[in-house]
Amino acid sequence: MKHSVELPAGHPGLIDLGLLTIQIMPFLVEEARLAARLEGDSWRGYQVGSALAALAGKQLGIYSAGNFKPYKDGPRVCAEETATDAAESDGFGDIFALATTGEPQLDGQLDLPYLPQCDPCVGMMQRRKNMYSPRTLSMLVHPLRNEFGLYTVREMTIMKASGRNLHSPHFFNHSFDPDWEEWRAGEADYLRYANGEIEPDAPYAGIKPGPDLVRLSVTGQLRDV
Ligand SMILES: [Zn+2]
């Protein structure tokens, strides 16, 4: 599935990707969930969906796809890769936000309520530099509940290289907030930060616009100064 819209007039370099990420992520989550249900194809009923937001000049493109593993010893193509291929073939690049959903694989140790990005997908994001940047923000979210982790490609790369699994500091639970109202309040906080009205606690003091500021905004971690 794909959608594309024209962004408001202005030089593309002036697009605030942090703000756009906050505005668009709940939509990406719903697109990813829909793609998992409608396009996920798994021999064991294990459906994954992914949706991404990419740019081509002032054009914003949203692409989603499901996973493909139709039989046990057959080929496997991840949802993330299919969506990335579709965006690239339409001339989009600069993926700044991505949402992926799949049934959590509980291992009794971490038991995160979402499916971590697999190693080949993290490798794909490192490799395809025209499509992904270290600052691309990836949301991993439960198929039904708004429980999620927010990781940059850089963080996932470090975790992969060090052999550590996705850990909990970036896990957030908005399950009590099914319409993402709390998330959307982050948009106002993000703008208030720009006006110097609110600040995060240390160690994020003096933080610049970017993925960390997005994460702090949407999870209510900015405070009045
Ligand atoms: Zn994958």
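This note goes through the sheet, two of its strand pairings, and two helix packings of a predicted model.

1. The sheet as a whole. The model, which is predicted, contains an open sheet of 7 strands in the order β1-β4-β3-β6-β7-β8-β9, and the pairing within this sheet is mixed. The edges are taken by β1 and β9 (171-173), each of which has a single partner strand, so that one side of each is left without a neighbour in the sheet. From one strand to the next the twist averages 15°.

2. Strand β4 and its two neighbours. On one side, strand β1 (residues 2-6) pairs with β4 in the antiparallel sense over 5 bridges, and on the other, strand β3 (residues 48-56) pairs with β4, again in the antiparallel sense, over 8 bridges. Y63 is a useful residue to look at here, since this residue of β4 is the bridge partner of K2 and is also the bridge partner of L52.

3. Enclosure of β4 and the hairpin. Of the 8 residues of strand β4 (residues 59-66), 6 are buried, so the strand is largely enclosed by the rest of the structure. The connection with β3 is a hairpin that leaves 2 residues between the strands, and in this turn G57 has a positive phi of about 65°.

4. A parallel pairing in the sheet. Whereas β4 pairs with β3 in the antiparallel sense, strand β6 (residues 93-102) and β7 pair in the parallel sense, over 6 bridges. As one point of reference for this register, T101 has V141 in β7 as its bridge partner.

5. Packing of α1 with α6. Helix α1 (residues 17-39) packs with helix α6 (residues 211-218) at an angle of about 40°, and the axes are 9 Å apart. The two helices are therefore oblique to each other, and α1 passes α6 in a right-handed crossing. On the side of α1 the contact involves G18, T21 and I22, which meet L213, V214, S217 and V218 of α6. Sorted by class, the residues of this contact are 4 nonpolar and 3 polar, with no charged residues.

6. Surroundings of α6. In this helix 7 of the 8 residues are buried, so α6 is largely enclosed by the rest of the structure. The buried residues are P211, L213, V214, R215, L216, S217 and V218, a list that includes R215 alongside the residues that meet α1, namely L213, V214, S217 and V218. Besides α1, the elements against which the buried residues of α6 pack are β7 (132-141), β8 (147-152), α5 (181-194), β10 (198-200) and β11 (222-224). After the helix comes G220, whose phi is positive, near 65°.

7. Packing of α3 with α4. Helix α3 (residues 119-127) and helix α4 (residues 153-162) have axes 10 Å apart and pack at an angle of about 125°, and they are therefore oblique to each other. Their crossing is left-handed. From α3 the residues D119, V122, M125 and Q126 take part in the contact, and from α4 the residues V153, M156, T157 and K160. By class there are 4 nonpolar, 2 polar and 2 charged residues in the contact of α3 with α4, whereas the contact of α1 with α6 has no charged residues.

Conventions
Residues numbered from 1 in each chain as written. Predicted model: local features only at pLDDT ≥ 70, side-chain atom pairs only at ≥ 80, totals over all residues. Axes fitted to C-alpha atoms, helices over the stretch in contact; angles between N-to-C directions. Helix = DSSP H or I, 4+ residues; strand = E, 2+ residues; numbered from the N terminus. Parallel < 35°, antiparallel > 145°, perpendicular 65-115°, else oblique. Left-handed = near helix turned anticlockwise from the far one by under 90°. Contact = placed C-beta atoms within 7 Å. Nonpolar A, V, L, I, M, F, W, Y, C, P; charged D, E, K, R; others polar. Buried ≥ 20, exposed ≤ 12 C-beta atoms within 10 Å, placed from the backbone. Pairing = 2+ DSSP bridges.
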